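Biologist: Please put the model on the screen. I would like to go through how its strands and helices are arranged.

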Amino acid sequence: MGALSIRQVRKAYHSIEILKGIDLEVEAGEFLILVGPSGCGKSTLLAMIAGLDHPTSGSIHIGDRDVTHALPKDRDIAMVFQSYALYPNMTVADNIGFALEMRKVPKAERQAAIARVAKMLQIEHLLDRRPAQLSGGQRQRVAMGRALARNPKLFLFDEPLSNLDAKLRVEMRAEIKLLHQRTRTTTVYVTHDQVEAMTLGDRIAVMRDGQVQQFGTPEDIYSRPANRFVAEFIGSPAMNFIEASRTGSEELQAHGWSLALTPGQQQALQAHAGQAISYGLRPEALQFSDHGLPGELGMVEPTGPETYALVDTPLGRLTVRVPGKVTQRVGERVHLTWSAEHSHLFDGQTELRIA
Ligand SMILES: Nc1ncnc2c1ncn2[C@@H]1O[C@H](COP(=O)(O)OP(=O)(O)OP(=O)(O)O)[C@@H](O)[C@H]1O
Ligand SMILES: [Mg+2]
């Protein structure tokens with residue numbers, strides 16, 4: 001029995017189905033990420049786990065208890081929402097300690113917990129203020145503190161870092177990871193930031209349009225995306241796709257160019273003669289070379305430690321990720337090479353992974 005089981009959960013508002021049969025088994029101590037584009041149903045699913053709303057059908061178990069229809073207060077969860085609300089008349093310290101007070105935790109213990117989370121969230125100097133006297137990012141950290149002060153069965157987070165500036169976001173991400181490593185509290189964390197998803201998640205559920213597209217470790221999701229949507233959604237800059245077709249022979253061709261395949265891929269393609277295939281290459285799989293696919297350097301985007309180069313080739317515009325700087329100039333003729341092992345094949349019709 002896992003720590004959290006979501007079985008065939010469906011949710012319809014009026015006659016519109018928002019969640020279309022979600023199945024997820026989360027192990028005790030696991031950090032689960034729900035990631036997907038805006039409107040795919042992440043917050044709706046989290047609200048069902050929290051008990052703020054109820055599924056139209058299906059069930060939710062926390063541990064061995066069926067909580068599908070249980071009240072939020074009977075689920076032993078702590079949560080931080082996308083739209084968090086603090087108690088306006090209470091100080092920051094009282095906001096953080098409120099849930100502990102409700103649970104009749106002794107005062108000294110409560111104060112210790114408040115001090116601990118305030119330090120971690122860098123809001124020690126704000127403990128006597130009221131929410132109206134805080135910035136958006138500070139309020140978000142208080143909302144986070146309120147959840148972290150407790151020691152629940154399950155943490156639920158809905159984009160808890162979205163209002164923070166870039167630097168604080170990275171620091172808080174590391175703090176959340178450390179906290180989880182220490183406490184091993186089962187966590188469900190919603191984000192559409194794929195760096196957060198990859199760095200925090202033990203496993204990631206990639207959602208689209210009310211359905212789970214793939215459920216696996218960050219490594220699985222990145223190196224073996226189950227379909228073209230997952231391949232495109234996870235990874236930044238996004239994977240390049242070359243639209244190809246399999247000619248009669250062992251070859252995969254696009255605009256008269258033959259694309260490198262591994263023996264395994266050649267075998268997997270046996271069943272796809274003449275069909276459209278998407279050939280995917282991550283930007284880091286491509287290298288500049290003095291031979292290979294010709295192209296013209298169209299644009300250069302330096303980020304500091306690495307550079308993204310956009311190259312116009314006969315197979316379309318391809319993004320190349322280069323460590324450090326690009327020495328070639330825009331407009332210059334370049335060549336690209338890659339190894340077949342780094343390519344991903346998807347069926348052109350079903351968009352499912354072939355190899
Ligand atoms: N109470 C409601 N009544 C009707 N439709 C709703 C309700 N709540 C959510 N929806 C719809 O359900 C879909 C999923 O919403 P949800 O908030 O779960 O998305 P999300 O994945 O969290 O998106 P975001 O990343 O933007 O927060 C949306 O199309 C939304 O408009
Ligand atoms: Mg949401």
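Modeller: Two strands count as paired if DSSP finds at least two bridges between them. Note that this is a predicted model.

Biologist: Over how many bridges do strand E4 and E5 pair?

Modeller: Strand E4 covers residues 57-62, and its pairing with E5 is antiparallel. Pairing requires at least two bridges. For E4 and E5 the count is two bridges.

Biologist: Which residue of E5 is the bridge partner of His61?

Modeller: E5 spans 65-66 and is an edge strand, pairing on one side only. The bridge partner of His61 in E5 is Asp66.

Biologist: In what order do the four strands of the open sheet lie?

Modeller: The edges are strand E2 (16-26) and strand E5. The pairing is antiparallel, and the order is E2-E1-E4-E5.

Biologist: Which strands does helix H1 touch?

Modeller: Helix H1, residues 42-50, packs on the sheet. Its direction makes about 120° with that of E1 (4-13). The strands touched by H1 are E1, E2 and E4.

Biologist: Are H2 and H3 parallel or oblique to each other?

Modeller: The axes of H2 (residues 92-102) and H3 (residues 107-120) come within 9 Å and cross at roughly 135°. Angles over 145 degrees count as roughly antiparallel, and 65 to 115 as roughly perpendicular. The crossing of H2 and H3 is therefore oblique.

Biologist: What is the handedness of that crossing, right-handed or left-handed?

Modeller: The crossing of H2 and H3 is right-handed. Residues in contact include Ile96 and Leu100 of H2, and Ala113 and Val117 of H3. By class, the contact has six nonpolar, one polar and two charged residues. To restate the handedness of H2 and H3: right-handed.

Key. Residues are numbered from 1 along each chain as its sequence is written. Chains are lettered from A and ligands numbered from 1 in the order in which they are written. This is a predicted model: local features need pLDDT of at least 70, side-chain atom pairs count only at pLDDT 80 or more; totals for chains, interfaces and linings use all residues. Side-chain values use heavy atoms; hydrogens and water are left out. Axes are lines fitted to C-alpha atoms, for helices over the stretch in contact, and angles run from 0 to 180 degrees between N-to-C directions. Angles under 35 degrees count as roughly parallel, over 145 as roughly antiparallel, 65 to 115 as roughly perpendicular and the rest as oblique. A crossing is left-handed if the near helix is turned anticlockwise from the far one by less than a right angle, and right-handed if clockwise. Contact means heavy atoms within 4.5 Å. Ala, Val, Leu, Ile, Met, Phe, Trp, Tyr, Cys and Pro count as nonpolar, Asp, Glu, Lys and Arg as charged, and the others, Gly among them, as polar.
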